[in-house]
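Q: Please take a close look at a single part of this structure, the helices and the contacts between them. A connected account is preferred to a list.

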Amino acid sequence: LLDARKKRTETKKILDGGKDPNAERRKEELIGDAARLNTLPSVGREWLKSNRPNWSDKYSDKLCLRLENDIYPWFETTPIAEIEAPEILAALRRVVERDALYTAKRLQSYLSQIFRYAIATGRAKRDVAADLRGALPRHTGKNYPMILDPVRIGELLRASYNYKGSIVVKHALMLAPI
């Protein structure tokens, strides 16, 4: 009963203002729909759909899967214009924590492209993903072991020459040291 009275009072205020209450309700619904369409996942899916013809199916599926698993769950309800760099960094750090640094760097690049698309379509003012340059840790390369002793190199070459498996593998083993 209290809710009904509140709604009646609100409707009276709208009528007193010379406006149609039904038109106002439809306007609020449209604003709510627009807010749902301006979230990062919805803009990202739209960006993906517009670029899909330029990419192979395998690449676009991988890109979609990365975004769906690692980014979209954290930004389902937030409008894209309200997302800040620390929020994106927090989502990317979750990816880095599972030792997927390359994936995190790629996701940052994809997010930057999505934000640029949002800017072009008038849904965002700036690319906040671009502010994260240098925020993710750098990949530190590691040296792989190699044989430096000439005697052991000879053993490797002889073993490659005496390999009894596939001819393709045998030739690959013989070419590898070169």
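A: What follows goes through one helix, the loop after it, and then the helix pairs.

The model is predicted, so local features need pLDDT of at least 70 and side-chain atom pairs count only at pLDDT 80 or more, while totals for chains, interfaces and linings use all residues. Residues are numbered from 1 along each chain as its sequence is written, and side-chain values use heavy atoms, with hydrogens and water left out.

Helices here are DSSP runs of H or I with at least four residues, strands are runs of E with at least two, and both are numbered from the N terminus. Helix 5 covers residues 85–97. The expected span of a helix is 1.5 Å times one less than its number of residues; for the 13 residues of helix 5 this gives 18 Å, and the end C-alpha atoms are 18 Å apart, which agrees.

A residue is called buried under 20% relative accessible area, exposed over 50%, and partly exposed in between, with a 1.4 Å probe and protein chains only. The buried residues of helix 5 are Ala85, Ile88, Leu89, Ala91, Leu92, Val95 and Val96. Seen down the axis of helix 5, these buried residues fall within an arc of 165 degrees, so they line one face; the arc is that of the directions from the helix axis to the C-beta atoms. An α-helix has 3.6 residues a turn, so residues three or four places apart point the same way. On the face of helix 5 turned away from the buried side are the exposed residues Pro86 and Glu97. The buried residues of helix 5 pack against helix 4 (57–70) and helix 6 (101–120), where contact means heavy atoms within 4.5 Å.

Helix 5 is followed by Asp99, which lies in the loop between helix 5 and helix 6. The phi of Asp99 is near 60 degrees, a positive value in a residue other than glycine. Most residues other than glycine have a negative phi, and most peptide bonds are trans. Asp99 is exposed, with a relative accessible area of 74%.

Past that loop, helix 6 holds Leu111, which counts as buried at 0% relative accessibility. Leaving aside neighbours within four places in sequence, Leu111 is in contact with Leu40, Ile71, Ile88, Leu92 and Ala129. Ile88 and Leu92 are among the buried residues of helix 5.

The helix pairs come next. Axes are lines fitted to C-alpha atoms, for helices over the stretch in contact, and angles run from 0 to 180 degrees between N-to-C directions. Angles under 35 degrees count as roughly parallel, over 145 as roughly antiparallel, 65 to 115 as roughly perpendicular, and the rest as oblique.

Helix 4 packs with helix 6 at an angle of about 95 degrees, their axes 11 Å apart, which makes helix 4 roughly perpendicular to helix 6. Tyr59, Leu63, Arg66, Leu67 and Asp70 of helix 4 make this contact with Tyr102, Thr103, Arg106, Leu107, Tyr110 and Ile114 of helix 6. By class, the contact of helix 4 with helix 6 has seven nonpolar, one polar and three charged residues; Ala, Val, Leu, Ile, Met, Phe, Trp, Tyr, Cys and Pro count as nonpolar, Asp, Glu, Lys and Arg as charged, and the others, Gly among them, as polar.

Helix 3 (residues 40–51) also meets helix 6: their axes come within 9 Å and cross at roughly 90 degrees, so helix 3 is roughly perpendicular to helix 6. From helix 3 the contact takes Leu40, Val43, Gly44, Glu46, Trp47 and Ser50, and from helix 6 Tyr110, Leu111, Gln113, Ile114, Phe115, Tyr117 and Ala118. This contact of helix 3 with helix 6 has nine nonpolar, three polar and one charged residues.

Between helix 3 and helix 4, the angle is about 175 degrees and the axes are 11 Å apart, which makes helix 3 roughly antiparallel to helix 4. Arg45, Trp47 and Leu48 of helix 3 meet Ser60, Leu63, Cys64, Leu67 and Glu68 of helix 4. The residues of this contact divide into five nonpolar, one polar and two charged. Ser60 sits in helix 4 and is buried, with a relative accessible area of 0%. Not counting residues up to four places away in sequence, Ser60 touches Leu48, Arg52 and Trp55.
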